[in-house]
Amino acid sequence: QGGWWTTDFAAPPGQDLAAGSTYEAKRYPFNDGSAGFDHSGNGRGCNTLTALFTIHELTFDPDGTLRSFRADFEQHCEGGEAALRGAWAFRAA
């Protein structure tokens, strides 16, 4: 219905995201020294957040183009117990 949402997944500095890895994250791009994550959109988001995400699948073509990606996440805003849970899946045609 015309809505928009974005999700950022970032490995800790100096590392690459890796399939089979679970990351404890802080709000991206303010994740100084830790993994980063942010799911927001339609004017909604968190000022501070903690998240846990698992990369289940991550592949690239030889030229570096993303080929497939699958991840689950859990995000908590402002230190609250309530969680936003979701999953992303992408597979190039």
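# Notebook: a six-stranded predicted model

**Entry 1. A loop residue.** I began at Asn-42, which sits in the loop between E3 and E4. I noted early that this is a predicted model. The phi angle of Asn-42 is positive, about 50°, although the residue is not a glycine. I then looked up how far Asn-42 is covered: its relative accessibility is 34%, so it counts as partly exposed.

**Entry 2. A second positive phi.** I found a positive phi of about 50° at Glu-78 too, and Glu-78 is not a glycine either. Glu-78 is placed in the loop between E5 and E6. With a relative accessible area of 44%, Glu-78 is partly exposed.

**Entry 3. A cis peptide bond.** I looked up the bond that joins Tyr-28 and Pro-29 and recorded it as a cis peptide bond, with omega at about 10°. Pro-29 belongs to the loop between strand E2 (21-27) and strand E3 (35-41).

**Entry 4. The overall fold.** I turned next to the whole chain. How many helices and strands does the protein have? I counted zero helices and six strands. Along the sequence, the pattern reads β-β-β-β-β-β. The radius of gyration is 14 Å, close to the 12 Å that the globule rule gives for 93 residues, so the protein is as compact as a globular protein of that length. Taken along the principal axes, the C-alpha atoms fill a box of roughly 40 × 35 × 20 Å.

**Entry 5. Surface and contacts.** I looked up the accessible surface of the protein and found about 6,100 Å², of which 50% belongs to carbon and sulfur atoms. Of the 93 residues, 32% are buried. I also checked the contacts with a separation of 6 or more: residues 24 or more positions apart account for 48% of them.

**Entry 6. Salt bridges around Glu-57.** I searched the whole structure for salt bridges and found four. Side chains of opposite charge can pair when their charged atoms come close. In one of the four, Arg-70 pairs with Glu-57, and the closest N and O atoms are 3.8 Å apart. Why does this pair tie together separate parts of the sequence? Arg-70 lies in strand E5 (residues 66-77) and Glu-57 in strand E4 (residues 49-60), so the parts joined are 13 residues apart in sequence.

I recorded a salt bridge between Arg-91 and Glu-57 as well, with the closest N and O atoms 3.0 Å apart. Arg-91 lies in strand E6 and Glu-57 in strand E4, so this pair ties together parts that are 34 residues apart in sequence.

Is Glu-57 buried or exposed? The cut-off for buried is under 20% relative accessible area, and Glu-57 has 19%, so I entered it as buried. Arg-70, at 39% relative accessibility, counts as partly exposed. Arg-91 is exposed, with a relative accessible area of 59%.

**Entry 7. A salt bridge between E5 and E6.** I next looked up Arg-85, which forms a salt bridge with Glu-74; the closest N and O atoms are 3.2 Å apart. This pair links distant parts of the chain, with Arg-85 in strand E6 and Glu-74 in strand E5, 11 residues apart. Arg-85 is exposed, at 58% relative accessible area, whereas Glu-74 is partly exposed, at 24%. Returning to the salt bridges that share partners, I noted that they join Glu-57, Arg-70 and Arg-91 into one network.

**Entry 8. Thr-59 and its surroundings.** I stayed with strand E4, where Thr-59 is found. At 34% relative accessibility, Thr-59 counts as partly exposed. Which residues does Thr-59 contact, leaving aside its neighbours within four places in sequence? I listed Thr-65, Leu-66, Arg-67 and Ser-68. With Ser-68 there is also a polar contact of 2.5 Å between the side chains. I then compared Thr-59 with Arg-91: the two are 32 residues apart in sequence, and their C-alpha atoms are 9.3 Å apart in space.

**Entry 9. A nonpolar patch.** Last, I looked at the surface for nonpolar side chains. Phe-60, Leu-66 and Phe-90 form a nonpolar patch there, with about 280 Å² of accessible area together. Phe-90 lies in strand E6 (residues 84-91). Its relative accessibility is 39%, so I entered Phe-90 as partly exposed.

How values were computed
Residues are numbered from 1 along each chain as its sequence is written. This is a predicted model: local features need pLDDT of at least 70, side-chain atom pairs count only at pLDDT 80 or more; totals for chains, interfaces and linings use all residues. Side-chain values use heavy atoms; hydrogens and water are left out. Patches are made of residues with over 30% relative accessible area and no salt bridge: like charges are joined within 9 Å, nonpolar side chains (Val, Leu, Ile, Met, Phe, Trp, Tyr) within 5 Å. Accessible areas come from the Shrake-Rupley method with a 1.4 Å probe; for residues, only the protein chains shown count as cover. Helices (H or I, at least four residues) and strands (E, at least two) are DSSP runs, numbered from the N terminus. Buried means under 20% relative accessible area, exposed over 50%, partly exposed in between (1.4 Å probe, protein chains only). The radius of gyration is taken over C-alpha atoms; the globule rule is 2.2 Å times the number of residues to the power 0.38. Contact means heavy atoms within 4.5 Å. A polar contact is a pair of N or O atoms within 3.5 Å; within protein, one must be able to donate a hydrogen and the other to accept it, and residues adjacent in sequence count only if both atoms are side-chain atoms.
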